[in-house]
Amino acid sequence: MASMHPPPDLRPARLNALGEFAASIAHEVKQPLAAVKLNAEACLALLAQDPPRVDEARAALRVLTEASVAAGDMVRSLHAMARRAEPEHTPFLIDDAVREALRLMRAELRRHDIALSEHYGLEGIQLCGDRVQLMQALMNLVRNAIEARPRRLTLRTALAGGAARISVADDGAGVPAALAERIYEPLFSTKPDGTGMGLAICRGIAEAHGGRLWHSREAGDTAFHLSFKEHTLWTPSRS
Ligand SMILES: Nc1ncnc2c1ncn2[C@@H]1O[C@H](COP(=O)(O)OP(=O)(O)O)[C@@H](O)[C@H]1O
Ligand SMILES: [Mg+2]
């Protein structure tokens, strides 16, 4: 007779999905939490000066607040992805979301002495999608770039062939050609403490928006690109 209470689903695929979910939460929340810590430390140091640098401390606290809100949003958004809920599709300005994601990473870039140059070319262009997920994808790419130990990082947004493209380029270690596709596999990492979830999550986010994630070698830099096709974009001023 069939049991009324089936045993919990412990097939390997299910365990993997749970393991990946746990790994991805750990991975995602690490970034905004690092921003909370760095900005809290900066704030204490600024207030300890004589006279205390109150305005800068206030600015650090503002970033800290944004970072803690982002941590909460990311847990919620990962949970929604795990439940396979449809991502929230609301139009938002791409460049604004990119700027905010970078703001959360700025203290960490500074701490590693990495020069950042930003070039924005999507003014007024909106993506119909999930803003939190896009920020999450970008923060992953920036974190990977930082971990490749570069001296400089270049962020560029542009329209290319009708698609909106966001590129993060670094002059760090580079991706060995032999690993070009493997790096996108869940749990694949070349780092001793890596979770290997960053790029898998980024690609998932890109695809959930009908977009793509890939990397290339450009003038000695390693560049990761997110691109979103025209039909997911929205330019209110032109419609
Ligand atoms: N900007 C980059 N430069 C060089 N290698 C990279 C870069 N981004 C990702 N990689 C490679 O891709 C692998 C997978 O990245 P990811 O999925 O984010 O996992 P993790 O960062 O935990 O290792 C990394 O371990 C690294 O080998
Ligand atoms: Mg990573």
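An oxygen atom of ligand 1 is placed 2.6 Å from an N or O atom in the side chain of K191. The model is predicted. Taken alone, ligand 1 has 530 Å² of accessible area, and the protein covers 95% of it.

**Ligand contacts**

K191 has company. The side chain of N144 puts an N or O atom 2.8 Å from an oxygen atom of ligand 1. D170 addresses a nitrogen atom of ligand 1 instead, with a polar side-chain atom 2.9 Å away. The table lists these contacts.

| Residue | Ligand 1 atom | Distance |
|---|---|---|
| K191 | oxygen | 2.6 Å |
| N144 | oxygen | 2.8 Å |
| D170 | nitrogen | 2.9 Å |

**The shell and the pocket**

Where does ligand 1 sit? Ligand 1 occupies the largest pocket. Its surroundings comprise 19 residues. The closest of them are N144, S189, T190, K191 and G196. N144 and K191 therefore appear both among these closest residues and in side-chain pairs that fall within the 3.5 Å cut-off for a polar contact.

By type, the shell holds 8 nonpolar residues, 8 polar ones and 3 charged ones. Two helices, α4 (131-147) and α5 (198-208), each contribute at least two shell residues. Which element gives the most to the shell? That is α4, with 3 residues.

**Strand pairing**

Strand β3, residues 126-129, pairs with two strands. With β1 (residues 90-93), β3 runs antiparallel, and 4 bridges join the two. Within this pairing, F92 is opposite L127 of β3. With β8 (residues 233-234), β3 again pairs in the antiparallel sense, here over 2 bridges. L127 has L233 as its bridge partner in β8. L127 thus links to both neighbours: it faces F92 and bridges to L233.

**Backbone details**

Two loop sites deserve a check of the backbone angles. Between D50 and P51 the peptide bond is cis, with omega at about 0°. P51 belongs to the loop between α1 (12-47) and α2 (54-82).

The other site is R149. Which sign does phi of R149 have, positive or negative? Phi of R149 is positive, near 55°, and R149 is a residue other than glycine. R149 lies in the loop between α4 and β4 (152-160). On one side of that loop is α4, the helix that gives the most to the shell around ligand 1.

Terms used
Residues are numbered from 1 along each chain as its sequence is written. Chains are lettered from A and ligands numbered from 1 in the order in which they are written. This is a predicted model: local features need pLDDT of at least 70, side-chain atom pairs count only at pLDDT 80 or more; totals for chains, interfaces and linings use all residues. Side-chain values use heavy atoms; hydrogens and water are left out. A residue is near a molecule or strand if one of its heavy atoms lies within 4 Å of it. A polar contact is a pair of N or O atoms within 3.5 Å; within protein, one must be able to donate a hydrogen and the other to accept it, and residues adjacent in sequence count only if both atoms are side-chain atoms. Accessible areas come from the Shrake-Rupley method with a 1.4 Å probe; for residues, only the protein chains shown count as cover. On a 1 Å grid over the protein atoms alone, a cavity is a set of points where a 1.4 Å probe fits but cannot get out, and a pocket is an open set with protein on both sides within 12 Å along at least five of seven lines; lining residues have an atom within 4 Å of a point. A molecule sits in a cavity or pocket if more than half of its atoms lie within 2 Å of its grid points. Ala, Val, Leu, Ile, Met, Phe, Trp, Tyr, Cys and Pro count as nonpolar, Asp, Glu, Lys and Arg as charged, and the others, Gly among them, as polar. Two strands pair if DSSP finds at least two bridges between them.
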